[in-house]
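Biologist: Please take one strand of this model and look at it closely. I would like to know how it is placed among its neighbours.

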Amino acid sequence: MNESFNTEQSTQTNKPLISVVVPAYNEADVIQVFYERMCKLFDSLSDYCCEMIIVNDGSQDLTQSIIEQLRSKDNRIASISLTRNFGKEIAMTAGLDHAKGDAIIIIDVDLQDPPELIVKFIEEWQNGYDIVYARRTARDGETWLKIFTAEMFYKVMDKISERVKIPRNTGDFRLMSRRSVDALLQLREHHRFMKGLYAWVGFPSKAIDYRRDPRAAGSSKFNYWGLWNFALEGITSFTVIPLKIATYLGLLTSLSAFSFGLFIIIKTLLWGDSVQGFPTLMVTILFLGGVQLFFIGVMGEYLGRIFGETKQRPLYLIQRYSPSHYCPVEQNPTPSAKQA
């Protein structure tokens with residue numbers, strides 16, 4: 001890897017630019033190893049210019065200082081330091097806002113997704129695909145519970161998502177063409193389920209199968225509570241089926257209650273009836289009350305998302321941005337970058 005690079009030559013080259021967006025949160029243990037593997041990959045892509053945009057999502061460890069050290073010796077690196085932890089989906093959006101490439105690649109820093117697969121991504125991009133994504137055939141280093149819940153989540157999304165089909169066993173590791181990223185950046189919603197947004201914009205896509213490796217170092221920042229909230233984000237962002245279920249179940253319950261009430265009235269008038277059934281009455285009241293509270297919570301989830309969107313806050317705030325020098329720095333940022 002050449003530690004110095006002639007910037008003037010890079011700005012005059014006609015080589016396509018590949019931008020790699022890397023969200024990072026408390027990844028000091030692995031970022032150096034990740035950088036070394038990416039350098040080997042970049043050096044092998046002699047027909048392209050490359051930049052790496054590392055987004056520090058409010059890390060509390062030495063992640064930012066390591067990024068600055070790497071950037072001081074390699075001008076292919078751009079650094080975006082957010083003012084706090086905004087979450088991975090927002091951090092990826094910040095990186096996409098500032099990516100200047102003809103093709104943009106998103107990859108996690110933990111090396112569970114092999115950077116070497118990017119070569120195949122680029123080949124398929126050159127074959128005419130706008131989106132090339134990695135599809136996991138195995139998930140090494142993950143518990144059976146996480147694998148099972150992930151599989152169930154994708155099955156549920158397949159059943160309830162409306163018109164948008166989210167590919168199974170995929171993450172954020174993918175290549176996107178310039179036009180598909182420009183389309184994606186028009187979607188400025190705050191509750192961002194990126195896997196759904198990738199599918200929503202459409203464009204010709206192709207999957208590349210691979211076996212996912214264990215983390216190279218450090219630990220996952222997603223616990224099961226975080227994954228549960230992530231699943232809720234996906235469901236409420238791309239379907240109103242839960243609200244429809246509440247409507248249909250409420251209608252069915254009302255009809256059943258009316259029919260049963262009519263039966264009780266007729267029975268009492270014809271044969272009379274002593275006061276009985278207190279346990280049945282309590283069970284019925286508790287059941288209906290539980291159903292009502294559950295669907296009030298469902299409606300609250302949707303209402304909370306409406307509330308979040310109406311405040312129109314910026315998606316993120318940047319504490320410091322240091323661009324790469326493989327391509328000229330934009331003098332007029334895109335509207336989406338200004339908005340952020």
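Modeller: Strand β1 has both of its faces covered. On one side Leu17, Ser19, Val21 and Pro23 are buried, and on the other side Ile18, Val20, Val22 and Ala24 are buried too. The model is a predicted one. The two sets of residues follow a general pattern: in a regular strand, side chains alternate between the two faces of the sheet. Strand β1 covers residues 17-24, and eight of its eight residues are buried, so the strand is largely enclosed by the rest of the structure. Buried here means under 20% relative accessible area.

Next come the strands paired with β1. Strand β2, residues 49-56, is joined to β1 by eight bridges, and the two run parallel. In this pairing, Leu17 stands opposite Cys49 of β2. Between β1 and β2 the chain passes through helix α2, residues 31-44, and this β-α-β crossover is right-handed. Strand β4, residues 103-106, also runs parallel to β1, and four bridges join them. Here Val21 of β1 has Ile106 of β4 opposite.

For contrast, consider a place on the surface. Ile245 lies in helix α10, which spans residues 241-271. Its relative accessibility is 44%, so Ile245 counts as partly exposed; that class lies between the 20% limit for buried and the 50% limit for exposed. Together with Leu249 and Leu252, Ile245 forms a nonpolar patch on the surface, and the accessible area of the three together is about 250 Å². The residues of β1, by comparison, are buried on both faces.

Notes. Residues are numbered from 1 along each chain as its sequence is written. This is a predicted model: local features need pLDDT of at least 70, side-chain atom pairs count only at pLDDT 80 or more; totals for chains, interfaces and linings use all residues. Side-chain values use heavy atoms; hydrogens and water are left out. Buried means under 20% relative accessible area, exposed over 50%, partly exposed in between (1.4 Å probe, protein chains only). Two strands pair if DSSP finds at least two bridges between them. A crossover is right-handed if, with the strands pointing away from the viewer, the path from the first strand over the helix to the second runs clockwise. Patches are made of residues with over 30% relative accessible area and no salt bridge: like charges are joined within 9 Å, nonpolar side chains (Val, Leu, Ile, Met, Phe, Trp, Tyr) within 5 Å. Accessible areas come from the Shrake-Rupley method with a 1.4 Å probe; for residues, only the protein chains shown count as cover. A salt bridge is a side-chain nitrogen of Lys or Arg within 4 Å of a carboxyl oxygen of Asp or Glu.
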